[in-house]
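Welcome! Please take a moment to look over the protein shown here, and then try the exercises below.

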Amino acid sequence: MEGKPRPHATAEQALYAMDRMIALAQFGQQDIASRLGLNVTDLTCLGFVMEAALAGESLAAGDLAERAQLTTGAVTGVLNRLEKAGYARREADPGDRRRVRVVLDSSAQARILEVYGPFYERINRLFADYTADEVAVLADWFTRAKGLLRESLDEVREGGDRR
């Protein structure tokens with residue numbers, strides 16, 4: 001499939017479009033979290049739990065704390081709220097009884113996809129408008145940009161600049 005003609009854009013225009021998309025997504029996450037009866041931090045953690053479940057991975061509470069860059073104490077509060085809302089539960093790790101695994105509740109995925117599903121359907125239709133090579137470039141860009149964002153956020157949290 002040959003790509004469709006795309007409008008010319010400068011890096012500055014792309015950066016502006018990205019900033020506007022991120023701003024909208026931040027407000028959207030608040031709305032989605034509210035609809036699911038959660039706060040944004042809990043929703044983000046639930047995303048990590050769901051991602052691990054879909055990959056067939058076991059996610060320990062400490063792993064969740066690391067992925068979310070939260071303290072273990074903060075993750076305890078998150079897990080309390082996720083359990084209360086019926087999205088996840090804690091189980092003792094059979095390989096190490098001192099560890100706690102976080103398990104996605106069987107009904108959670110359906111409840112989450114009820115809210116996210118229409119968005120993902122629209123995004124998939126948008127991706128269908130691009131060639132496989134163009135989608136590969138987008139995936140590469142998002143992956144690399146996430147790494148740069150992680151570096152920048154680490155610098156902000158450390159209060160320094162590691163350029």
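The exercises that follow work through a predicted model, each with its solution.

**Exercise 1.** Find how many helices and strands the protein has, and the pattern they follow along the sequence.

*Solution.* Begin by counting elements: the secondary structure consists of six helices and three strands. Next, walk along the sequence and write down each element in turn, which gives α-α-β-α-α-β-β-α-α.

**Exercise 2.** Describe the extent of the protein and its surface.

*Solution.* Start with the C-alpha atoms: along the principal axes, they fill a box of roughly 55 × 40 × 30 Å. Then turn to the surface, where the protein exposes about 11600 Å². Carbon and sulfur atoms supply 56% of that area. Finally, look inside: 21% of the 163 residues count as buried, that is, they have under 20% relative accessible area.

**Exercise 3.** Work out how helix α2 and helix α5 meet.

*Solution.* First locate the pair: α2 spans residues 40–54 and α5 spans residues 108–127. Their axes come within 12 Å and cross at roughly 115°. The crossing of α2 past α5 is left-handed. Now list the residues in contact: α2 brings Leu43, Leu46, Met50 and Leu54, while α5 brings Gln109, Ile112, Leu113 and Tyr116.

**Exercise 4.** How far apart are the mean positions of the positive and negative charges?

*Solution.* Count the charges: there are 22 positive and 25 negative ones. Take the mean position of each set, and the two points turn out to be 5 Å apart.

**Exercise 5.** Among contacts between residues at least 6 apart in sequence, what percentage joins residues at least 24 apart?

*Solution.* Set aside contacts between residues closer in sequence than that first limit; of those kept, 48% join residues at least 24 apart.

Notes: Residues numbered from 1 in each chain as written. Predicted model: local features only at pLDDT ≥ 70, side-chain atom pairs only at ≥ 80, totals over all residues. Heavy atoms only, no water. Helix = DSSP H or I, 4+ residues; strand = E, 2+ residues; numbered from the N terminus. Buried < 20%, exposed > 50% of the residue type's maximum accessible area, 1.4 Å probe, protein only. Contact = heavy atoms within 4.5 Å. Areas by Shrake-Rupley, 256 points an atom, 1.4 Å probe, with all protein chains shown as cover. Lys, Arg positive; Asp, Glu negative; His and termini not counted. Charge placed at Lys NZ, Arg CZ, Asp CG, Glu CD. Axes fitted to C-alpha atoms, helices over the stretch in contact; angles between N-to-C directions. Left-handed = near helix turned anticlockwise from the far one by under 90°.
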